[in-house]
Amino acid sequence: MSQPFTEEHELFRKTVRSFAEKELLPNVDQWEEDELFPDEVFKRAGELGILGAHYPEEHGGGGGDYWFSVAKAEELVRGGSAGVTMGLLVQSDMATPCISDLGSKEQIEEFLKPALAGERIAALGVSEPDAGSDVAGIRTTARRVGDDYIVNGAKTYITNGTRCGFVTLLCKTDPDAGYGGISILLVPSDLPGFTVAKKLKKLGNHASDTAELHLEDVKVPARYLLGQEGQGFYYLMQNFQTERLIAAVSATAGAKLTLDRSVAYGRDRMAFGKPIIKREVWQHRFVDLYTLNEAARALSYDAVSDYNRERYELGREQLSFDVVRKISMAKLFVGDMADRVADECLQFHGGMGYMDECFISRVWRDQRLLRIGGGTSEVMKYLIAKTMGF
Amino acid sequence: MKILVTAKRVPDPEQKVKVQGDAIDLSGMNFVVNPFDEYAVEAALRLKESSGAVDEIVVLTIGSKDVTQQLRSCLAMGADRGILVEGDDDSLDSEQTARIIKAVYERESPDLLLMGKQAVDGDNNQVAQLVAGKLDLPQACFAGQLELEGDASAITVGREIDGGMEFKKVPLPSVVTVDLRIVMPTAVKTAGSKDNQEYAEGPRYASLKGIMQAKKKKIDEISVGDLGVELEQWVKTTSVETPPSRSAGIKVESVDELVDKLQNEAKVL
Ligand SMILES: Cc1cc2nc3c(=O)[nH]c(=O)nc-3n(C[C@H](O)[C@H](O)[C@H](O)COP(=O)(O)OP(=O)(O)OC[C@H]3O[C@@H](n4cnc5c(N)ncnc54)[C@H](O)[C@@H]3O)c2cc1C
């Protein structure tokens, strides 16, 4: 594949790198401890065009193609906290793509534009206490009454949930209709009956806030229905594609950074009279890991390239099964690669690797999410198998 | 009012320099805008934003076509137009550079020529002074603060000196070079600045919007011939050497031994 990045992509990359290294990195230790990064980070990312990179200008975006978002995701990892990266990526690539695709003029103005500017924090509300992988099993209901929907239910593991301005919420408008009864509502968090039930403690991604949300007789104006009633499941499946793609790209870049930093450590750390990186055992392990990382990037880039072609060059609304399959494969492959990289690099650091003060312990905790969030590895395989018609 | 800012491309100062034979090996080097020139662009943008008196910021660079990339990054920060004078930027000496800048100045007739105090590759710190002399313009070098008069007739330049700041008011047009402190939050003021106006420290990053707009901004390409400038070489590089590598340190047993070594071995006492 030819080099996809132009001069503009490179300039943008430089901007994101400066932002990550100068404005995130010096603060992330504190934010990890606070279990929250400040709202201003969204604003600053919005100002720089980081949140809206690949959205059309008339939606408040940068008007670029998807490679801008790839550059963004690859550089954000230099901030040194997967929690911050995740919070920002939920805002830019997970809770918002479907609004750009389907939103009415009013929804674009009221939700998308302020979200891409970083002024209104967005969350994606899919998972529930009783339904995660099996999205069609959700129980949150929205009953049409006059000009409103009355929403009842609970959502959990919701990133940005404790301080979001609105939730892109998946709910059942027809509880008996299975897949066809699901819709997406844009739900402002200041409506009566909307409560943050709990801020959840978790294994990693500490700087990111994760919430359980309760909705009790929340009256949501019907004009906040995204697209058509009953189409929510299909919309969400499209929306998931950028979520998975950006997660794959980001984690691949993160793993590369982890490898480079670990090798640098191994040049200085002596054991039995020589630097540990001079041991052939480790050299071969690193060769394997770098090779896996290259392969992961090649697969992810290939998936981005296909996605970019269908969305931006052919202007298709529905992605083909071929592209969906490749994106799922990329997320699956990257999940395993990142897991191995983090684990072996931690081992390479010895006792130091187990200490909070060493970057690798955070990496090790954080990367574990990749095989779970945005669709588990098992679900990726389930989807891939389905598109292969076994 | 028009501001002309000069911007040179330099090898990324964060990289290790390789010496090959008698010259620095530039192949495979990453290039960036000279940091002091980036500060000058930032200062110009702040003058423009707060005063409302600046109509245009023009950025001038000298170099091969590749340098367009660095010029574009200044435009992405917010400058309005670029000028690329095609020439070999690696071999120009300060005198030649000054002649080219003088010629461009005469074409553009800006009200302020704003430059970095020096380029971090050669560290010569000569060009602005030479240009001011050739043009017979007032010069104020190493600005750590700037304050533009309301009618844009003069600019007050604050310079860091031992134990404090020195302020000089120069009439415009003039030549001003900037130092590191010009990118501090309140270093640049105009009649239009709000009392509590603070910028983020450092040169701004190009926003994606700025980058997209920069694509459409004009870059005039001029050859040295077009400018009618004669370029005989004044300074010739005869050789380039890396400093000798440091030998390992030693531990001394006593002060006497230390003094002895400083006197007789290092010969520094
Ligand atoms: C830190 C974090 C942040 C999150 N942020 C958000 C968010 O912002 N918004 C949101 O909506 N959700 C969010 N999630 C939820 C996440 O998307 C779900 O956890 C994930 O989709 C898995 O769902 P589940 O937890 O219900 O697991 P379950 O569906 O209960 O799965 C349990 C196990 O069963 C396996 N399994 C399920 N189905 C199959 C199958 N068909 N074949 C084989 N095995 C199967 C799974 O792979 C898994 O191993 C977040 C999760 C975490 C941990």
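Where is the place of B:P173 in chain B?

**View 1. A cis peptide bond leads into B:P173 of chain B.** In this predicted model, the place of B:P173 is in the loop between strand 11 (164-171) and strand 12 (174-178) of chain B. The peptide bond that runs from B:L172 to B:P173 is cis, and its omega is near 5 degrees. As background for this view, most peptide bonds are trans.

**View 2. Two residues other than glycine, A:N160 and B:A152, have a positive phi.** Most residues other than glycine have a negative phi. A:N160, although it is not a glycine, has a positive phi of about 65 degrees, and A:N160 lies in the loop that runs between strand 3 (148-159) and strand 4 (166-172) of chain A. With a relative accessibility of 0%, A:N160 counts as buried. In chain B, the phi of B:A152 is near 55 degrees, and B:A152 lies in the loop between strand 9 (139-148) and strand 10. B:A152 also counts as buried, at 18% relative accessibility, because the cut-off for buried is under 20%.

**View 3. B:G158 is a buried residue in strand 10 (residues 154-161) of chain B.** The relative accessible area of B:G158 is 0%. When residues up to four places away in sequence are not counted, B:G158 touches B:F142, B:A143, B:G144 and B:Q145, and also B:M165, B:E166 and B:F167. B:L269 is 111 residues away from B:G158 along the chain, and the C-alpha atoms of these two residues are separated by 39 Å.

**View 4. A:F12 of helix 1 in chain A is in contact with residues of both chain A and chain B.** A:F12 has 0% relative accessibility and therefore counts as buried. Leaving aside neighbours within four places in sequence, the contacts of A:F12 in chain A are A:L48, A:G49, A:I50, A:A53, A:F68 and A:K72, while those in chain B are B:L208 and B:I211. A:P56 is 44 residues from A:F12 in sequence, and the two are 16 Å apart in space, C-alpha to C-alpha.

**View 5. Helix 5 (residues 208-216) of chain B has buried residues that pack against helices of both chains.** The buried residues of helix 5 are B:L208, B:G210, B:I211, B:M212 and B:A214. In chain A they pack against helix 1 (7-24) and helix 4 (66-76), and in chain B they pack against helix 2 (68-77). An α-helix has 3.6 residues a turn, so residues three or four places apart point the same way. Two of the buried residues listed for helix 5, B:L208 and B:I211, are also among the contacts of A:F12.

**View 6. A:C164 is a cysteine in no disulfide, and B:C141 is another such residue.** The count of disulfides over all chains comes to 0. For A:C164, the nearest cysteine sulfur is that of A:C98, which is 14 Å away, and A:C164 is buried, with a relative accessible area of 7%. For B:C141, the nearest cysteine sulfur is that of B:C74, at 20 Å, and B:C141 is buried as well, with a relative accessible area of 6%. Neither of these pairs, at 14 Å and 20 Å, counts as a disulfide, because the two sulfur atoms would have to be within 2.5 Å.

Notes. Residues numbered from 1 in each chain as written. Chains lettered and ligands numbered in written order. Predicted model: local features only at pLDDT ≥ 70, side-chain atom pairs only at ≥ 80, totals over all residues. Heavy atoms only, no water. Buried < 20%, exposed > 50% of the residue type's maximum accessible area, 1.4 Å probe, protein only. Helix = DSSP H or I, 4+ residues; strand = E, 2+ residues; numbered from the N terminus. Contact = heavy atoms within 4.5 Å.
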